Amino acid sequence: MTAQPPAPTSPPAFLTRHLPPPNPDRPHITLTWAQSLDAKIAGKNGSRVILSGPESMLMTHWLRTMHDAILVGINTIVLDDPRLKIQLIPPHINAHPPQPLILDPKLRFPLSSRILAEWNARASKPEVVRQPWILCGDTVDVKLVQQVEQAGARVIPVSLDAEGRIPPNALPDILRSLNLRSVMIEGGSAILSSFLRSPPRDDASPLVDSIIVTVAPMFIGDGIGFVPEADEHALPQIETVYTETMGKDAVMVCKIKA
Ligand SMILES: NC(=O)c1ccc[n+]([C@@H]2O[C@H](COP(=O)([O-])OP(=O)(O)OC[C@H]3O[C@@H](n4cnc5c(N)ncnc54)[C@H](OP(=O)(O)O)[C@@H]3O)[C@@H](O)[C@H]2O)c1
């Protein structure tokens with residue numbers, strides 16, 4: 001039997017090189033996802049597909065430790081029931097899990113979700129579990145807000161845009177108000193699309209600072225694209241900053257051309 005190499009004790013060097021130190025005045029926004037060679041992030045009807053191999057999955061958990069918050073759309077919670085944790089990072093490193101943020105305009109958050117159950121059962125592992133924070137529309141019924149808060153989540157009402165979404169360009173101010181200096185946005189498709197296609201920040205720089213994509217050598221065929229098909233027009237121009245091979249996968253660090 002061949003001995004396993006020791007687990008790394010720090011993030012992959014290319015991540016450290018390409019992510020800036022936290023700046024509370026300008027929260028850093030990273031967009032990240034794993035896709036197949038045919039640009040799908042999930043299977044038919046949104047069924048979960050394991051795309052990342054062990055090496056790139058570990059990289060994703062290191063990336064989580066490098067951000068104050070991790071954000072997903074409500075459909076990802078409903079379909080995948082993710083925990084958004086850092087369980088692949090060796091415990092002796094004392095890495096901090098990011099604060100989970102869920103974009104959920106209508107407050108459809110399922111009270112049976114694993115992320116909430118783990119928070120409510122945190123007594124045995126308080127250092128590795130964070131309370132789910134849900135950003136919903138400020139017109140959501142107060143009784144529903146109370147119900148979700150009584151179940152253990154924190155609900156943060158915010159203004160919605162004309163399409164009833166949480167406007168991507170409001171995120172930097174929301175993050176500052178919550179004392180969060182960086183966020184890693186992990187999907188799904190609708191969220192990736194609206195952040196990729198959003199207007200620039202007030203200082204004319206792109207809203208999204210870094211894009212980190214894991215490309216797995218497989219085809220999914222009928223499935224969910226990294227952005228919905230209707231949104232494939234008017235995607236921004238991007239440039240590749242760095243590519244690393246991790247096991248079977250390629251991990252690309254890109255940024256939006258200003
Ligand atoms: N491979 C990967 O890396 C990866 C990662 C995560 C998820 N996924 C996959 O992604 C799929 C889910 O993607 P999805 O597109 O159905 O859902 P999603 O992006 O997870 O969530 C979309 C929902 O978020 C809400 N929302 C709030 N603000 C929004 C905004 N600015 N723009 C867009 N939506 C906003 C809307 O809720 P309302 O409709 O209630 O208004 C919208 O329907 C799943 O199949 C999952 O497996 C893959």
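A residue is called buried if 20 or more other C-beta atoms lie within 10 Å of its own, exposed if 12 or fewer do, and partly exposed in between. Proline 157 has 15 C-beta neighbours inside 10 Å, and therefore it counts as partly exposed. The structure discussed here is a predicted model, and the same way of counting neighbours will be applied to other parts of it.

Proline 157 belongs to strand 6, which covers residues 154-158. When its neighbours within four places in sequence are left aside, proline 157 is in contact with Cys136, Gly137, Asp138 and Val140. A further distance can be given between proline 157 and isoleucine 134: their C-alpha atoms are separated by 8.2 Å, although the two residues are 23 apart along the chain.

Before other details are taken up, the chain as a whole deserves attention. The chain contains seven helices and 11 strands. Its C-alpha atoms fill a box of roughly 55 × 45 × 40 Å, taken along the principal axes. A compact globule of 258 residues would have a radius of gyration near 18 Å, and the chain has 18 Å, so the two agree. Of the 258 residues in the chain, 37% are buried. Contacts can also be sorted by separation in sequence: among those between residues at least 6 apart, 76% join residues at least 24 apart.

Strand 4 offers a good place to study burial. Five of the five residues of this strand, residues 99-103, are buried, and strand 4 is therefore largely enclosed by the rest of the structure. In a regular strand, the side chains alternate between the two faces of the sheet. In strand 4, Gln99, Leu101 and Leu103 point one way, while Pro100 and Ile102 point the other way, and all are buried.

Which strands pair with strand 4? One partner is strand 3, residues 69-73, which runs parallel to strand 4 and is joined to it by five bridges. Within this pairing, leucine 71 stands opposite leucine 101 of strand 4. Another partner is strand 5, residues 133-137, which pairs with strand 4 in the parallel sense over three bridges. Here isoleucine 102 has isoleucine 134 of strand 5 as its bridge partner. Isoleucine 134 has already appeared above, as the residue whose C-alpha atom is separated by 8.2 Å from that of proline 157.

Strand 3 and strand 4 are also linked through a helix. Together with helix 3, residues 74-80, they make a right-handed β-α-β unit. The loop between helix 3 and strand 4 holds aspartate 81. Although aspartate 81 is not a glycine, it has a positive phi of about 50°. Aspartate 81 has 14 other C-beta atoms within 10 Å, and so it is partly exposed.

Helix 3 leads on to the ligand. The ligand is surrounded by 30 residues, of which the closest are Gly46, Gly73, Asn75, Gly187 and Gly188. Helix 3 provides the largest share of this shell, five residues. Strand 1, strand 2, strand 3, helix 3 and helix 7 each supply at least two residues of the shell. By class, the shell consists of 15 nonpolar, nine polar and six charged residues.

Two of the closest residues to the ligand, Gly187 and Gly188, share a notable backbone feature: the peptide bond from glycine 187 to glycine 188 is cis, with omega near -5°. Glycine 188 is placed in the loop between strand 7, residues 182-185, and helix 7.

Is helix 7 itself largely enclosed or exposed? Seven of the eight residues of helix 7 are buried, so the helix is largely enclosed by the rest of the structure. The buried residues are Ser189, Ile191, Leu192, Ser193, Ser194, Phe195 and Leu196. Their cover includes strand 1, strand 2, strand 3, strand 4, strand 7 and strand 9.

Two loop residues provide a contrast with this burial. Alanine 234 lies in the loop between strand 9 and strand 10. Its phi is near 60°, a positive value in a residue other than glycine. Alanine 234 is exposed because 8 other C-beta atoms lie within 10 Å. Proline 20 is found in the loop between helix 1 and strand 1. Proline 20 has 10 other C-beta atoms within 10 Å and is therefore exposed. The C-alpha atoms of proline 20 and methionine 66 are separated by 9.9 Å, with their positions 46 residues apart along the chain.

Methods: Residues are numbered from 1 along each chain as its sequence is written. This is a predicted model: local features need pLDDT of at least 70, side-chain atom pairs count only at pLDDT 80 or more; totals for chains, interfaces and linings use all residues. Helices (H or I, at least four residues) and strands (E, at least two) are DSSP runs, numbered from the N terminus. Two strands pair if DSSP finds at least two bridges between them. A crossover is right-handed if, with the strands pointing away from the viewer, the path from the first strand over the helix to the second runs clockwise. Two residues are in contact if their C-beta atoms, placed from the backbone, lie within 7 Å. A residue is near a molecule or strand if its C-beta atom, placed from the backbone, lies within 6 Å of it. Ala, Val, Leu, Ile, Met, Phe, Trp, Tyr, Cys and Pro count as nonpolar, Asp, Glu, Lys and Arg as charged, and the others, Gly among them, as polar. The radius of gyration is taken over C-alpha atoms; the globule rule is 2.2 Å times the number of residues to the power 0.38.
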